[in-house]
Amino acid sequence: MRIFVMFGTQDKRFDRLLNAILNSHFVEENDVYVQLGYTKGNYEKIYGQEYYTEEELNHQIEIADLIITHAGVGAIVAALKLKKRVIVVPRLGKYKEQNNDHQVQIMERYDKLGYIIPCTDLDDLDKIVKESHNFIPKEYKADKQGIIKEIKEFIDRL
């Protein structure tokens, strides 16, 4: 199986996800390609690349059997449009992976709609990858008004 992992392009590291992947069992049994962004480390078990052009990124998503991504809306939607199974791992403020926990809300929204497989505990990543074969995502339909409403509500809470 070919797994494509997207850490995003923001200027913060995502060491927690990298370490979970490198310590997983699925990395031994599959081809794992990772868009690392600012995350640095030992990549002996994976095919790591800091950045992809938009064309390369879309190609990687298209040929992947499974996507693992941070909870960036662009990454999630790009994968859903290509009808991919998507595991979402939110970046968290407490680990300084993000300024706040808005990615948790993004993940929860897409999970509630039946689009993605959430991963809130990286100790479960191996199990989630294994069980992802049974997940059939709901067909993606853009809901711009719903997202705009949620963003406004989030900003109002700040």
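This passage describes the strand pairing, one pocket and the aromatic ring pairs of a predicted model.

Strand 1, which spans residues 2-6, pairs with two other strands of the model. With strand 2 (residues 31-35), strand 1 pairs in the parallel sense over five bridges, and with strand 4 (residues 66-69) it pairs, again in the parallel sense, over four bridges. Individual bridge partners place the residues of strand 1 in register with those on either side: R2 is matched with D31 of strand 2, and I3 stands opposite V32 in that strand. Towards strand 4, the bridge partner of I3 is L66, whereas that of V5 is I68. I3 is thus a residue with a partner in strand 2 and a partner in strand 4.

The pairing extends beyond these three strands in both directions. Strand 2 pairs with strand 3 (residues 47-49) in the parallel sense over three bridges, and within this pairing Y33 has Y47 of strand 3 as its bridge partner. Strand 4, for its part, pairs in the parallel sense with strand 5 (residues 85-88) over four bridges, with T69 having V88 of strand 5 as its bridge partner. Between strand 4 and strand 5 the chain passes through helix 4 (residues 73-81), and the β-α-β crossover formed in this way is right-handed.

The accessibility of the strands was examined next. In strand 1, five of the five residues are buried, and the strand is accordingly described as mostly covered. The side chains of R2, F4 and M6 point one way from the strand and those of I3 and V5 the other way, with all of these residues buried. Strand 4 is likewise covered on both faces, with L66 and I68 buried on one side and I67 and T69 buried on the other. For strand 2, four of the five residues fall under the cut-off of 20% relative accessible area that defines a buried residue, and this strand is therefore largely enclosed by the rest of the structure.

The second largest pocket encloses about 210 Å³ of space. Its lining consists of 13 residues, among which M6, T9, L57, G74 and A75 lie nearest the centre of the pocket. One of these, M6, is also among the buried residues of strand 1. Helix 3 (54-63) and helix 4 each contribute at least two residues to the lining of this pocket, and helix 4 is also the helix through which the chain crosses from strand 4 to strand 5. By residue class, the lining of the second largest pocket is divided into six nonpolar residues, six polar residues and one charged residue.

A search of the whole structure for contacts between aromatic rings returned six aromatic pairs. One of them joins F7 and F14 in an edge-to-face arrangement, with 5.8 Å from centre to centre and 65° between the planes, and F7 and F14 are both buried. Another pair, formed by Y110 and Y115, is tilted, with a centre-to-centre distance of 6.1 Å and an angle of 50° between the planes. Y110 and Y115 are also buried, and ring pairs link these two tyrosines with Y140 into a cluster.

Technical notes
Residues numbered from 1 in each chain as written. Predicted model: local features only at pLDDT ≥ 70, side-chain atom pairs only at ≥ 80, totals over all residues. Heavy atoms only, no water. Buried < 20%, exposed > 50% of the residue type's maximum accessible area, 1.4 Å probe, protein only. Pairing = 2+ DSSP bridges. Right-handed = clockwise from strand over helix to strand, strands pointing away. 1 Å grid on protein atoms, 1.4 Å probe; cavity = no way out; pocket = protein on both sides within 12 Å on 5 of 7 lines; lining within 4 Å. Points joined across faces, edges and corners; volume = space filled by probe spheres on them. Nonpolar A, V, L, I, M, F, W, Y, C, P; charged D, E, K, R; others polar. Phe/Tyr/Trp six-rings, centres within 6.5 Å; stacked < 30°, edge-to-face > 60°.
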